[in-house]
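Me: I would like to go through this structure by asking, for each label, what justifies it. Please set the values against the criteria as you answer.

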Amino acid sequence: MRYEIKGEPMPVVLVYLDANESVNCQKGAMSWMTPNMKMSTGTGGFGKALGKMFSGESIFTNTYSAEGGPGMIAFASSVPGSIIPFDISKGDMIVQKGGYLASEPGVEFSVAFQKKIGAGFFGGEGFIMQRLHGTGMAFVEIDGYVVEYELQQGQQMLIDTGYLAAMTATCTMDIQTVKGVGNVLFGGEGLFNTVVTGPGKIYLQTMPINNLAGAVARFIPRS
């Protein structure tokens, strides 16, 4: 499999397959393809379907295969932002709910429960995130542009709610209360921040979809 990513801030990943190679994707992710790409839909079994449902994805996975020769298929981002390729063979990735776009068949899903319940309920990513593991390439949607940091052992980054898009599974996540009653009431930054501790890599997004929706909503006339 080969791929290329084009077109930020509305990116698309073009996946080129040899004959009989396949690629999986989230329901409704296909944008265009060559005529010899054949689709099949399945759940991958009850356990996988349950994991995908709890991690914010459809329980159904579409598989596209190139029949009779090489094929090409395109997966476009659903919001302005970035598409990031991750080689899952090099290590598990924890990604935000709804971030998965497509992957090679060897990539598996599971639910990534936060070890500390507080981090799940108040950390901005929910109690459940997605863990991508196995082998192969996976493509993940990022809201806005992506900024990457490599955290050393014990090094931390304090992140406002919703800006954490992905991290390597070696990182840990917790929450921290914003200090000062005045800061909480008048600072406009909310009550909690997310704290990610290394070692590992984190991927931060510049425009979480909830923030974008809120900004647009202010300009929509109300009846």
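Reply: Let us begin with a criterion: contact means heavy atoms within 4.5 Å. The model is a predicted one, and in it Tyr145, once its neighbours within four places in sequence are left aside, is in contact with Glu8, Pro9, Ser82, Leu204, Gln205 and Thr206.

Me: Where does Tyr145 lie, and why is it called partly exposed?

Reply: Tyr145 sits in the loop between β13 (137-143) and β14 (146-151). Its relative accessible area is 44%, and since buried means under 20% and exposed means over 50%, the value falls in between and Tyr145 is therefore partly exposed. Tyr145 and Met207, 62 residues apart in sequence, have their C-alpha atoms 7.4 Å apart in space.

Me: Two of the contacts of Tyr145 are Glu8 and Pro9; what kind of peptide bond joins Glu8 and Pro9?

Reply: The bond between Glu8 and Pro9 is a cis peptide bond, with omega at about 15°, and Pro9 belongs to the loop between β1 and β2 (12-17). A cis peptide bond also joins Gly198 and Pro199, where omega is about 25°; Pro199 is in the loop between β18 (192-197) and β19.

Me: How many aromatic pairs does a search of the whole structure find, and why is the pair of Phe86 and Tyr203 called edge-to-face?

Reply: The search of the whole structure finds three aromatic pairs. In the pair of Phe86 and Tyr203 the ring centres are 4.9 Å apart and the planes stand at 75°; because rings pair when their centres lie within 6.5 Å, and planes over 60 degrees apart count as edge-to-face, both criteria are met and the pair is edge-to-face.

Me: What makes this pair a tie between parts that are 117 residues apart in sequence, and are Phe86 and Tyr203 buried or exposed?

Reply: Phe86 lies in strand β8 (residues 81-87) and Tyr203 in strand β19 (residues 200-205), so their pairing ties together parts separated by 117 residues in sequence. Phe86 has a relative accessible area of 4% and Tyr203 one of 8%; as buried means under 20%, Phe86 is buried and Tyr203 is buried too.

Me: How do you know that the pair of Tyr100 and Phe109 is edge-to-face?

Reply: The reasoning runs along similar lines: the ring centres of Tyr100 and Phe109 are 4.4 Å apart and the planes are at 80°, so the pair is edge-to-face, given that the cut-off for this label is over 60 degrees. Tyr100 is buried at 2% relative accessibility, and Phe109 counts as buried at 15%.

Me: What makes strand β6 (residues 61-66) largely enclosed by the rest of the structure, and which residues cover its faces?

Reply: Six of the six residues of β6 are buried, so the strand is largely enclosed by the rest of the structure. Thr61, Thr63 and Ser65 are buried on one side, and Asn62, Tyr64 and Ala66 are buried on the other, so that both faces are covered.

Me: Why can β6 be said to pair with strand β3 (residues 22-26) and with strand β5 (residues 37-42)?

Reply: Two strands pair if there are at least two bridges between them. β3 and β6 share five bridges in the antiparallel sense, with Val23 opposite Tyr64, and β5 is joined to β6 by six bridges, also antiparallel, among them the one between Ser40 and Thr63; both pairings therefore satisfy the criterion.

Me: In the open sheet β1-β2-β7-β4, what makes β1 and β4 edge strands?

Reply: The four strands of that sheet pair in the antiparallel sense, and β1 (2-6) and β4 (30-33) are its edge strands, since each pairs on one side only. From one strand to the next the twist averages 20°. β4 is joined to strand β7 (residues 71-76) by three bridges, and Trp32 has Ala74 of β7 as its bridge partner.

Me: Lastly, why is Asn20 called exposed, and what is its phi?

Reply: Asn20 has a relative accessibility of 66%, and because exposed means over 50%, Asn20 counts as exposed. Asn20 lies in the loop between β2 and β3 and has a positive phi of about 75°, although it is not a glycine.

Conventions: Residues are numbered from 1 along each chain as its sequence is written. This is a predicted model: local features need pLDDT of at least 70, side-chain atom pairs count only at pLDDT 80 or more; totals for chains, interfaces and linings use all residues. Side-chain values use heavy atoms; hydrogens and water are left out. Rings of Phe, Tyr and Trp (its six-membered ring) pair if their centres lie within 6.5 Å; planes under 30 degrees apart count as stacked, over 60 as edge-to-face and the rest as tilted. Helices (H or I, at least four residues) and strands (E, at least two) are DSSP runs, numbered from the N terminus. Buried means under 20% relative accessible area, exposed over 50%, partly exposed in between (1.4 Å probe, protein chains only). Axes are lines fitted to C-alpha atoms, for helices over the stretch in contact, and angles run from 0 to 180 degrees between N-to-C directions.
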